[in-house]
Amino acid sequence: MLTTGIKAVSEVTVDKTNTAKSMGSGSLDVFATPAMIALIEKAACNALSGKLGEGMTSVGTKLDVAHTAATPVGMKVTAEAELIEIDDRRLVFAVIAKDEKGVIGKGTHERFIVNAEKFTAKTYSKV
């Protein structure tokens, strides 16, 4: 059952594949903002795992997240998502990302519950 307060995490170690330099979002070998966003979305998806109806999934629709500190290669980053609002099919998560030294980002993330088959069919009908 889907209720506010559910939480989940996701973790990654910063390596050459998820730096700003390798992802094209900057020139430094530090954890990339796009990688942090992906980690946050993964935490939100983890929170929903097994809680949506048959054939249902969620899609990310909005992020309002500040990336406030750099994380070097070799350090672990953990993202946590907590479901704080349910408005019909719209879900709002409070999100926070931390490395081994402290908070590196936080904000909110919205997802919508969709029927996977219908959503995919609609997407491919645009091609």
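Arginine 90 is buried, with a relative accessible area of 17%, because the limit for a buried residue is under 20%. This residue of the predicted model is found in strand 4. Two polar contacts of the arginine 90 side chain are listed below.

| Side chain | Partner side chain | Distance |
|---|---|---|
| Arginine 90 | Glutamate 85 | 2.5 Å |
| Arginine 90 | Glutamate 110 | 3.1 Å |

Both glutamates also appear among the residues that arginine 90 touches when residues up to four places away in sequence are not counted; Arg111 and Phe112 complete that set.

**The loop before strand 4**

Strand 3 (76-87) and strand 4 (90-99) are joined by a loop that holds aspartate 88. The phi angle of aspartate 88 is near 60°, a positive value in a residue other than glycine. Aspartate 88 has a relative accessible area of 68% and is therefore exposed, since the exposed class begins over 50%. Arginine 90, by contrast, is buried.

**Leucine 91 and the nonpolar core**

In soluble globular proteins, nonpolar side chains tend to be buried together. The largest nonpolar core of this protein has 25 residues, and those with the most contacts inside it are Leu2, Phe31, Leu91 and Phe93. Helix 2 (33-48), strand 3, strand 4 and strand 5 (102-115) each supply at least two residues of this core. Helix 2 gives the most, with eight residues.

Leaving aside neighbours within four places in sequence, leucine 91 is in contact with Leu2, Leu48, Leu83 and Ile86, and also with His109 and Ile113. Its remaining contacts under that condition are Glu85, Glu110 and Arg111. These three residues are also touched by arginine 90.

**The protein as a whole**

The secondary structure comprises three helices and five strands, which run from the N terminus in the order β-α-α-β-β-β-β-α. The C-alpha trace spans about 40 × 40 × 20 Å along its principal axes. Of the contacts with a separation of 6 or more, 64% are between residues 24 or more positions apart.

Buried residues make up 32% of the 127 residues in the protein. The accessible surface comes to about 7300 Å², and carbon and sulfur atoms account for 53% of this area. The protein has 16 positive and 15 negative charges, and the mean positions of the two sets are 2 Å apart.

How values were computed:
Residues numbered from 1 in each chain as written. Predicted model: local features only at pLDDT ≥ 70, side-chain atom pairs only at ≥ 80, totals over all residues. Heavy atoms only, no water. Helix = DSSP H or I, 4+ residues; strand = E, 2+ residues; numbered from the N terminus. Buried < 20%, exposed > 50% of the residue type's maximum accessible area, 1.4 Å probe, protein only. Contact = heavy atoms within 4.5 Å. Areas by Shrake-Rupley, 256 points an atom, 1.4 Å probe, with all protein chains shown as cover. Lys, Arg positive; Asp, Glu negative; His and termini not counted. Charge placed at Lys NZ, Arg CZ, Asp CG, Glu CD. Core = buried A, V, L, I, M, F, W, Y, C linked by side-chain atoms within 4.5 Å. Polar contact = N/O pair within 3.5 Å; in protein donor to acceptor, adjacent residues only side chain to side chain.
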